[in-house]
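Trainee: I have a new model on my screen, and I would like to learn how to read it. Could you walk me through it?

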Amino acid sequence: MTRVLVVDDSRTQAEQARLVLDAAGFTVEVAASGEEALERMVGGAFDLVLSDVMMPGITGYELCRAAKAAAATRDLPVVLLTSLDDPLEVIRALECGADGFITKDLGFDQLVQRVRTVVENQRLRAGVATGSSINVHFLGRTFPIQSERQQILDLLVSTFEDTVRKQQELTASQRQLREANRELEAFSAAVAHDLGAPLRAINHWAGAILSDGAGLDDAGKQHASRVLEAAQRMGQIIEDLLRLSRVAKATLNCTDFDLSAIARLVAANLTTLQPDHAVELVIRPGMRCHGDRALVLVVLENLLGNAWKFTRKQSAPRVEVGAEIQAGATVFFVRDNGAGFDMARADRLFLPFERLHSDAEFKGTGVGLTTARRVIERHGGRIWAEAAAGRGATFFFTVPVGRS
């Protein structure tokens with residue numbers, strides 16, 4: 001019967017391990033500390049020690065080092081329970097002569113299989129001559145490795161096995177995410193289609209009521225006006241969400257184009273749509289960009305649209321589109337002298353439906369900046385903002401050359 005000593009200061013985790021290994025046919029004893037484990041290891045005939053790394057007093061590494069230094073326990077396999085969050089954990093285990101790793105998130109079946117593997121490897125190695133210690137340079141430091149060649153191989157194989165397992169889990173999660181995205185796209189299209197007809201009907205009849213006005217007092221007309229406004233807002237939200245969905249799945253068609261010309265086109269459209277809002281516009285000439293022209297146009301439509309909107313209450317509104325070099329890279333920006341916002345709330349800026357101003361102050365759906373961020377991220381760039389409440393805002397974005 002294979003005897004295993006489980007060492008863990010957490011009684012709950014120790015009992016879980018004991019129950020699993022008991023059920024698999026192992027004889028299991030539990031030690032609540034490294035100090036207790038050392039005493040039990042000398043007096044008991046164990047086939048394997050399974051120890052947590054982080055414990056008060058003697059840590060798992062120190063326990064392993066002490067066991068390997070004593071003649072009575074030198075050949076006793078010590079396997080460390082760890083999260084493998086720190087790349088140095090493997091090196092520390094090699095330093096102290098550990099025989100293997102088991103990650104704490106390992107399933108029960110794999111835990112039993114790993115313990116059996118270590119025990120069998122120890123049986124196969126019995127009587128094989130030991131080698132001398134070696135030095136290993138890692139992350140700028142040199143570590144004296146006491147583990148034997150076979151122990152090193154076992155450690156690396158167990159670490160690689162955990163990496164492969166996590167990669168498989170990641171691949172499965174990505175597959176599920178792709179399926180969820182496809183379902184979400186289909187749902188969005190269905191919702192847009194199914195909501196479109198009743199919304200158009202609401203718009204039509206609310207508009208007809210307002211145009212006719214027969215039999216309605218002022219309160220009734222006001223109610224009808226609010227119905228029309230709400231329906232139009234819902235239509236805008238649906239349109240913005242569909243636009244975000246199209247941006248997320250559109251194939252990038254990257255070319256070299258004149259960003260200054262795109263900015264002038266967007267600004268001209270805004271001026272036509274809002275002739276009562278005279279903005280002093282400054283666009284740096286000759287700005288070139290490599291990316292998907294249609295999608296970058298969407299970014300400028302959102303950023304310049306916001307600049308127009310948030311400068312409406314300024315007596316002398318000003319908007320600037322330019323570029324500068326930061327850390328050797330070209331950074332484009334859209335700057336305005338409008339309402340701005342508190343930078344303490346900037347983490348909400350690019351989240352869908354999150355707005356830093358009330359709808360009574362400035363109308364909007366809260367999807368435009370999310371769409372702009374998605375476009376920039378698809379180009380391998382990033383977008384961020386700097387602002388102050390009442391003192392305007394500057395939105396920066398990068399479109400790395402040659403990314404697609």
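**Reading cores, sheets and cysteines**

Mentor: Happy to, and let's start with the largest nonpolar core, which has 43 residues; Leu259, Leu304, Phe395 and Phe397 have the most contacts inside it. Keep in mind that this is a predicted model. As a general idea, nonpolar side chains in soluble globular proteins tend to be buried together.

Trainee: Which elements give two or more residues to this core?

Mentor: They are strand S8 (254-258), H8, helix H9 (293-310), S11, S12, helix H10 (368-378), S13 and S14. H9 gives the most, with nine residues.

Trainee: What does Leu304 touch, leaving out residues up to four places away in sequence?

Mentor: Leu304 touches Ala263, Val266, Ala267, Leu270, Val319, Val321 and Val334. There is also a second, separate core of 25 residues, which includes Val7, Phe46, Leu94 and Phe101.

Trainee: Now the sheets, please. In what order do the strands of the mixed sheet run?

Mentor: To read a sheet, follow the strand order, then look for the edges. Here five strands form an open sheet in the order S9-S11-S12-S14-S13, and the pairing is mixed. Strand S9 (280-283) and strand S13 (383-387) are the edge strands, each pairing on one side only. From one strand to the next, the twist averages 20°.

Trainee: How many bridges join S11 and S12?

Mentor: Eight bridges, in the antiparallel sense, between strand S11 (residues 318-326) and strand S12 (residues 329-336). For one pair to find on screen, take Val321, whose bridge partner in S12 is Val334. Both of these valines are also among the residues that Leu304 touches.

Trainee: Which helix lies across this sheet?

Mentor: Helix H8 (residues 259-273) lies across S9, S11, S12 and strand S14 (393-397), and runs at about 165° to S9.

Trainee: And what is the pairing in the sheet that contains S1?

Mentor: That open sheet of five strands has parallel pairing, with the order S2-S1-S3-S4-S5. Its edge strands are S2 and strand S5 (100-103), and each pairs on one side only. Neighbouring strands are turned by 25° against each other on average, direction ignored. Between S1 and S2 there are five bridges in the parallel sense, and Arg3 stands opposite Thr27 in S2. Helix H1 (residues 11-23) lies across S1, S2 and S3, running at about 170° to S2.

Trainee: How do I read the two sides of a helix? Which residues of H2 are buried, for instance?

Mentor: Look down the helix axis and see where the buried residues point. In helix H2 (residues 34-43), the buried ones are Gly34, Ala37 and Met41. They fall within an arc of 50° when seen down the axis of H2, so they line one face of the helix. The face turned away from that buried side carries the exposed residues Glu39, Val42 and Gly43.

Trainee: What covers the buried residues of H2?

Mentor: The cover includes strand S1 (3-7), strand S2 (27-31), strand S3 (48-52) and helix H3 (60-69).

Trainee: Last topic: cysteines. How many disulfides are there?

Mentor: A disulfide is a covalent bond between the sulfur atoms of two cysteines. In this model the count comes to zero.

Trainee: Why is Cys254 not bonded to Cys289?

Mentor: Cys289 holds the cysteine sulfur closest to that of Cys254, but the two are 8.8 Å apart, too far for a bond; the cut-off is 2.5 Å.

Trainee: Is Cys289 buried or exposed?

Mentor: Cys289 has 2% relative accessibility, so it counts as buried.

Key
Residues numbered from 1 in each chain as written. Predicted model: local features only at pLDDT ≥ 70, side-chain atom pairs only at ≥ 80, totals over all residues. Heavy atoms only, no water. Buried < 20%, exposed > 50% of the residue type's maximum accessible area, 1.4 Å probe, protein only. Pairing = 2+ DSSP bridges. Helix = DSSP H or I, 4+ residues; strand = E, 2+ residues; numbered from the N terminus. Axes fitted to C-alpha atoms, helices over the stretch in contact; angles between N-to-C directions. Contact = heavy atoms within 4.5 Å. Arc of directions from axis to C-beta. Core = buried A, V, L, I, M, F, W, Y, C linked by side-chain atoms within 4.5 Å.
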